[in-house]
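User: I'm new to this structure and would love a close look at one part of it. Could you walk me through a single spot and then show me what else there is to see?

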Amino acid sequence: MAGPDNQQTKQFFIPIGEAPSVYAPASVAQQIINFETTIRSTLATVRGPTTYEPVRGLVDPSAPFGEMHGVFHASLVGGVADTLIVRSGTNLYRHAGWQRGWEVIYTGLTSDTRPGYPDQFLVLNDKIIWTNGVDYPLVIDAQGRTVPVGFQEIPSPPSVYGPQQYSDKRVSYPNAGGYSWRGEIGTPGDVLSGVQGSVLDGTWYYYVQLEDIYGNLSAPSSPSNQAYIRTIQADPYEPGGDPNTGATIDDLTRQFMVRMTAQGPDHTVAVNLYRTPDTTRGSTKPRFLARFAGRETAIFGDRVADSFLGAELEETAPVTVFRTMCAHQGCLIIANMLVDPGLVRRSSPGFPGTLPKDDFVYPDSNGAEVTAVASHAGYLLAFTENAVYDITPDRQTGKLSGSVTLAMGVGCVAPRSIKALADGRLIWLARDGFYTMDTNQQITRVSQPIQALTRTGLNMARYRKAVSVVDARSLEYRCAVAPAGVQRNTVLFIFDGQNWRRQQLGNGDVGTTFWIADMCRTDDYRQYILMAGRDPTKVNQQGGPAGYNVYVADHETTNYEPLPRTALYRSAWIRADETGMTPVHVRSIYLGMMDGFDGTFTVRYFRNGSWKPFIEITDVLAIGVDDDSAIVTDVAGAAIVGTAKAHEPRLVWRMVPAGLENVGSWAFEIEVTYPTRLELAAFAFDQSPAGSGNLRGRIPLRQDR
């Protein structure tokens with residue numbers, strides 16, 4: 001990672017004298033790495049991670065997994081069905097319980113690590129929707145059944161057979177040939193001969209629409225071949241001089257035979273048949289005729305009169321591969337289709353695979369690629385790389401109809417970076433840093449303290465692979481990104497609402513640093529943060545690369561040794577005045593700590609704007625002195641079950657000498673190497689003016705060296 005000189009310079013002022021002021025660690029800090037906040041509002045070195053599935057000694061726990069892509073947890077069926085989904089390699093896995101481990105629920109997916117859109121999951125209508133922007137999206141229910149979302153197929157049209165008109169009209173009357181069974185189809189008309197009524201010319205068309213196991217509907221087929229009835233007079237009728245037939249109109253109406261060959265995919269459960277009324281004189285809109293269970297070829301004799309047809313056909317569009325999505329008001333919002341990256345579509349409420357044909361919008365007037373969509377505070381938002389749009393459905397029509405530009409020059413480059421903070425703001429990663437939007441749609445950049453780092457210290461080609469989560473305990477936003485020159489997400493940016501910290505599990509080298517492919521928060525009382533990633537230092541039982549697994553952040557177990565790392569706290573440049581023209585002597589700093597680990601750490605001092613260490617002290621104890629209460633000797637590392645006693649962490653102080661003479665600015669750094677733990681609570685400083693008389697008398701003359 002880039003050093004402090006690649007971040008915004010932060011200054012901190014401490015008045016001259018030995019004032020008894022105590023400062024919180026966050027107020028003095030410029031750089032915090034691998035520290036986390038605690039419930040006591042202190043900074044403690046990070047713990048964990050550990051594997052989610054414990055090692056039971058039966059199989060290698062990472063054996064089922066390959067390249068990790070996604071992880072998601074949901075409590076379905078009112079919290080009864082605890083569902084954990086992982087995409088690894090070409091498979092989707094479901095955690096089947098502690099006695100059964102992982103089971104494959106879908107296979108044949110693409111395992112691609114090139115820059116592109118990450119895996120995305122959401123829950124809608126008590127089912128999990130998944131997409132990765134490459135493979136066809138899937139829906140997963142509480143039983144682990146996995147099927148495509150809706151239909152991408154357009155069914156083939158049915159074939160219709162009806163009465164045909166012989167060419168020799170001298171020997172046959174109209175509608176006498178072909179499939180001429182009596183029915184109720186036909187349009188009674190006016191009197192032709194002035195004696196009796198007739199059935200008029202009419203034309204009908206048929207359509208089919210597939211239905212899946214969740215009630216989603218496919219796009220309708222194209223119309224069938226034309227079915228028609230010719231005009232025929234009821235009575236009298238004397239072909240060739242024969243006597244009157246005595247036929248009434250009811251004797252002349254007909255039925256059609258419909259053959260349906262629209263065999264749908266495996267998740268099809270029914271075929272819905274629609275028929276138009278007489279299009280010669282009525283509507284051309286198809287209306288419901290019959291529903292046939294199954295997906296096989298069927299033959300149906302249709303004798304239903306136009307007046308008994310059901311509801312009109314819902315015009316729907318086929319579901320195509322899409323790269324980003326969200327849920328809004330019970331509907332699935334999909335965007336950035338492979339064939340149309342600037343398009344946003346909305347599903348029917350409760351049916352994510354049914355897409356009304358006319359419910360869509362292009363947020364950008366030029367059709368720019370939609371990089372993310374989000375639902376926030378009742379609004380539906382669409383992002384491109386350079387703009388933010390409000391595309392909330394119209395209140396009158398209830399459909400997507402237009403867009404309102406909220407910001408130009410500010411967009412979103414990582415759809416999985418979008419999260420809602422505890423204070424109601426929405427936060428996301430743009431090309432030049434992190435931005436928030438409040439409930440009044442006011443957009444603010446919040447990454448000023450790390451703006452140079454976000455602009456030059458990250459791999460911009462891997463922005464889209466950034467993933468994020470909000471910690472339910474600390475209410476902090478955590479976003480995993482790839483640093484410059486690295487192809488994996490190895491660094492976490494952590495935002496507490498005001499200040500930023502970083503976390504990096506390892507020494508920074510991609511071969512010895514933890515990779516994060518995806519993160520999620522468990523949707524139950526545990527509120528764990530799960531990470532799908534890799535510990536590259538682990539090998540499998542055959543000696544090959546392993547370490548691909550699901551890990552729990554901020555937890556540790558005895559059967560998994562986490563990667564070594566270094567925790568670093570670096571202060572801002574401390575001055576006696578705003579100009580830095582007042583030289584001071586810094587005698588020492590006082591470190592307020594919550595004791596809990598018997599180990600040592602390092603303190604370094606810097607002076608006059610140089611990050612080259614001026615003084616380094618490597619043997620500072622991380623625990624307070626004993627006061628005959630046996631606290632220091634009875635630490636967790638040497639605890640004996642049945643005899644050791646627990647105690648509340650106490651605030652202890654350590655004085656660390658500095659000996660900085662005549663400095664205009666100075667800073668300090670605390671470095672803690674795993675497994676030593678440290679919890680910082682407060683700082684105090686001991687400094688005094690340099691010399692007497694004019695405080696600025698020691699400033700060198702214009703040519704002094």
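Leaving aside its neighbours within four places in sequence, which residues is Glu476 in contact with?

Analyst: Happy to help! Please keep in mind that this is a predicted model. Beyond its neighbours within four places in sequence, Glu476 is in contact with Thr37, Val469, Val470, Asp471, Ile494, Phe495, Asp496 and Arg501. With Thr37 there is also a polar contact, side chain to side chain, at 2.9 Å. You can find Glu476 in the loop that runs between strand E42 (467-470) and strand E43 (477-481). Its relative accessibility is 2%, and because buried means under 20%, Glu476 counts as buried.

Strand E42 also leads us to another feature. Along with strand E6 (68-76), strand E10 (120-124), strand E29 (322-328), strand E34 (372-376), strand E38 (419-420) and strand E46 (515-521), E42 supplies at least two residues of the lining of the second largest pocket. That pocket holds about 900 Å³ of space. Its lining has 30 residues, and Phe72, Phe121, Leu122, Ile418 and Lys419 lie nearest the centre. Sorted by class, the lining comprises 19 nonpolar, seven polar and four charged residues.

For a wider view, turn to the largest nonpolar core, which has 34 residues. Tyr569, Phe601, Tyr605, Trp666, Phe668 and Ile670 have the most contacts inside it. Several strands supply at least two residues each, including strand E49 (566-571) and strand E55 (665-673). A second, separate core has 26 residues, among them Ala227, Ala234, Ala290 and Phe292.

Notes
Residues are numbered from 1 along each chain as its sequence is written. This is a predicted model: local features need pLDDT of at least 70, side-chain atom pairs count only at pLDDT 80 or more; totals for chains, interfaces and linings use all residues. Side-chain values use heavy atoms; hydrogens and water are left out. A nonpolar core is a set of buried Ala, Val, Leu, Ile, Met, Phe, Trp, Tyr and Cys residues joined through side-chain atoms within 4.5 Å. Buried means under 20% relative accessible area, exposed over 50%, partly exposed in between (1.4 Å probe, protein chains only). Helices (H or I, at least four residues) and strands (E, at least two) are DSSP runs, numbered from the N terminus. A polar contact is a pair of N or O atoms within 3.5 Å; within protein, one must be able to donate a hydrogen and the other to accept it, and residues adjacent in sequence count only if both atoms are side-chain atoms. Contact means heavy atoms within 4.5 Å. On a 1 Å grid over the protein atoms alone, a cavity is a set of points where a 1.4 Å probe fits but cannot get out, and a pocket is an open set with protein on both sides within 12 Å along at least five of seven lines; lining residues have an atom within 4 Å of a point. Grid points are joined across faces, edges and corners, and a volume is the space filled by probe spheres set on the points. Ala, Val, Leu, Ile, Met, Phe, Trp, Tyr, Cys and Pro count as nonpolar, Asp, Glu, Lys and Arg as charged, and the others, Gly among them, as polar.
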